[in-house]
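Please open the model in your viewer, with side chains available for display, and follow the stops below in order.

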Amino acid sequence: MKMPFWRRRRAIVCRQAVELMAGYLDGALSGTERARLESHLADCPHCSEYLEQLRVTIDTLGHVEPNDLPDDALDELVSLYRRWQSD
Ligand SMILES: [Zn+2]
């Protein structure tokens, strides 16, 4: 049975991008991580939009740790990506 490989891979990359975002805005990523995230963002308007929302959140709170991201916000994001990708 064949998996739609590109779709599965893109979902994983989006999840990784989301996990890197807090560190990215904090300047805490290595050069490699930052380059990976930026090349994904250039290609993925959904993640770019989410990064903007995260930036606003950080501006409001002053600081955010990856663990501070509410689980239900992440779950919601993942289900949004699934919907986008099934179009
Ligand atoms: Zn993405």
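A donor is here an N, O or S atom within 2.8 Å of the metal, and the model in which these atoms are placed is a predicted one. With that in mind, the donor residues of the zinc ion follow the spacing C-x25-H-x3-C-x2-C along the sequence.

Select the zinc ion to begin, and then show C14, H40, C44 and C47, which coordinate the zinc ion through SG, NE2, SG and SG respectively, at 2.0 to 2.3 Å. If you display the angles among the 4 donor atoms, they run from 100 to 114 degrees, and the site is tetrahedral. For comparison, the ideal angle for four tetrahedral donors is 109.5 degrees.

Next, colour two of these ligands by accessibility: C44 is buried, with a relative accessible area of 3%, and C47 is likewise buried, at 0%.

From C47, move on to helix α3, by selecting residues 45-61; its 17 residues reach 24 Å from the first C-alpha to the last, close to the 24 Å expected at 1.5 Å a residue. Which residues of α3 are buried? They are Y50, L51, L54 and I58, together with the zinc ligand C47. Turn the view so that you look down the axis of α3, and these buried residues fall within an arc of 105 degrees, so they line one face of the helix. On the other side of α3, select P45, V56, D59 and T60, which are exposed.

Finish just past the end of the helix, at G62, which follows α3 and has a positive phi, near 95 degrees.

Terms used:
Residues are numbered from 1 along each chain as its sequence is written. This is a predicted model: local features need pLDDT of at least 70, side-chain atom pairs count only at pLDDT 80 or more; totals for chains, interfaces and linings use all residues. Side-chain values use heavy atoms; hydrogens and water are left out. Donors are N, O and S atoms within 2.8 Å of the metal (3.2 Å for Na, K and Ca); water is not among the atoms, so sites may look incomplete. Four donors count as tetrahedral if all angles lie between 85 and 135 degrees; four count as square planar and six as octahedral if opposite donors are over 155 degrees apart and all others between 65 and 115; anything else is irregular. Buried means under 20% relative accessible area, exposed over 50%, partly exposed in between (1.4 Å probe, protein chains only). Helices (H or I, at least four residues) and strands (E, at least two) are DSSP runs, numbered from the N terminus. The expected span of a helix is 1.5 Å times one less than its number of residues. The arc is that of the directions from the helix axis to the C-beta atoms.
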